[in-house]
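Trainee: Please take a close look at the charged side-chain pairs of this model and at what surrounds them. A connected account, residue by residue, would be welcome.

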Amino acid sequence: MIRLTNTLTRQLEEFEPQGGIVTMYVCSITPYDESHIGHAMSYIVFDVLKRYLQWRGYRVKHVQNFTDIDDRIIERANRLKISTDELVERFIGMYMDDMRDLNVLPADVYPHATREVPEMIDIIRGLIEKAYAYEAT
C-alpha cells in the first residue's frame with residue numbers, strides 16, 4: 001500500500017490509480033535565472049516518487065511544464081538585450097544539465113506555457129460555460 005498526502009483534502013490517503021497509467025504533472029521552473037538548491041530538492045523528491053512507482057510496477061506518464069512567460073523573464077531579457085525565447089532556452093538548457101548531473105530522470109513531456117495558451121483559453125471557456133468560473137469585469 002502506498003499512502004500520500006492529498007493536497008486538496010490535506011489528508012493522508014491510500015494511493016489508488018485512476019487507470020492503467022499513473023499521470024504525474026509537476027510544475028517546473030520559471031526560466032529567468034539559474035536553478036538553485038530548492039529546485040534540486042523538489043525535483044529529486046518527484047524523481048524518487050516516480051522511480052518508486054515504476055519499481056512497484058506502475059507505468060508513469062510524467063509531464064513537467066515550463067512557465068516560459070513572466071515579468072521576470074521579460075525584465076531580464078530586456079536588461080540583457082536578448083529575446084525572451086533566447087533567455088528561456090538558455091536557462092532551460094542549464095536546468096536540464098543540472099537535472100542530468102543530479103541523475104534525475106527526465107519527464108516524458110515538457111510543455112511550455114506559451115505554446116498552450118489556446119488550449120488554456122478553451123479550458124477556461126468550458127469552466128465558464130459550466131459555471132465553475134466566471135469572467136472578471
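**Charged pairs and their surroundings**

Mentor: Asp122 counts as partly exposed, because its relative accessibility is 48%; the range for this class lies between buried, under 20%, and exposed, over 50% (1.4 Å probe, protein chains only). The model is predicted, so to speak of local features pLDDT must be at least 70, and side-chain atom pairs count only at pLDDT 80 or more, while totals for chains, interfaces and linings use all residues. Residues are numbered from 1 along each chain as its sequence is written, and side-chain values use heavy atoms, without hydrogens or water.

Asp122 takes part in a salt bridge with Arg125, in which the closest N and O atoms are 3.9 Å apart. The term requires a side-chain nitrogen of Lys or Arg within 4 Å of a carboxyl oxygen of Asp or Glu. Both Asp122 and Arg125 belong to helix α4 and stand 3 residues apart, about one turn of the helix. Helix α4 covers residues 117-129, and Val117 is part of it. Helices are DSSP runs of H or I with at least four residues, and strands are runs of E with at least two, numbered from the N terminus. Val117 is itself partly exposed, since its relative accessibility is 37%.

The count of salt bridges comes to 6, and a second of these joins Arg51 to Asp47, with N and O at 2.6 Å. Here too the partners share a helix: Arg51 and Asp47 lie in α1, 4 residues apart, again about one turn. An α-helix has 3.6 residues a turn, so residues three or four places apart point the same way. The two partners in α1 fall into separate accessibility classes: Arg51 is partly exposed at 31%, whereas Asp47 is buried at 8%.

A further salt bridge links Arg72 and Asp70, whose closest N and O atoms are 2.8 Å apart. Asp70 also meets the backbone of Arg72, since at the start of α2 a side-chain oxygen of Asp70 comes within 2.8 Å of the backbone nitrogen of Arg72. Arg72 counts as partly exposed because its relative accessibility is 38%.

Beyond α2 comes Lys81, which has a positive phi, near 60°. Ser83 then sits in the loop between α2 (71-80) and α3 (84-101). A polar atom of the Ser83 side chain lies 2.9 Å from the backbone nitrogen of Glu86. Ser83 is partly exposed, given its relative accessible area of 39%. Between the C-alpha atoms of Ser83 and Glu119 there are 24 Å, and the two residues are 36 places apart along the chain.

On the loop from α3 to α4 one finds His112, which is buried because its relative accessible area is 9%. The His112 side chain reaches the backbone oxygen of Tyr110 at 3.4 Å. Leaving aside residues up to four places away in sequence, His112 touches (heavy atoms within 4.5 Å) Phe66, Asp68, Glu89 and Ile92.

Phe66 is also among the residues touched by Tyr95, as are Tyr43 and Gln64. In the largest nonpolar core, which has 20 residues, Tyr95 is one of those touching the most other members, together with Tyr43, Leu53 and Leu87. Such a core joins buried Ala, Val, Leu, Ile, Met, Phe, Trp, Tyr and Cys through side-chain atoms within 4.5 Å. Two or more of its residues come from each of β3 (21-27), α1 (37-55), α2 and α3, and α3 gives the most, namely 6.

How values were computed: Polar contact = N/O pair within 3.5 Å; in protein donor to acceptor, adjacent residues only side chain to side chain.
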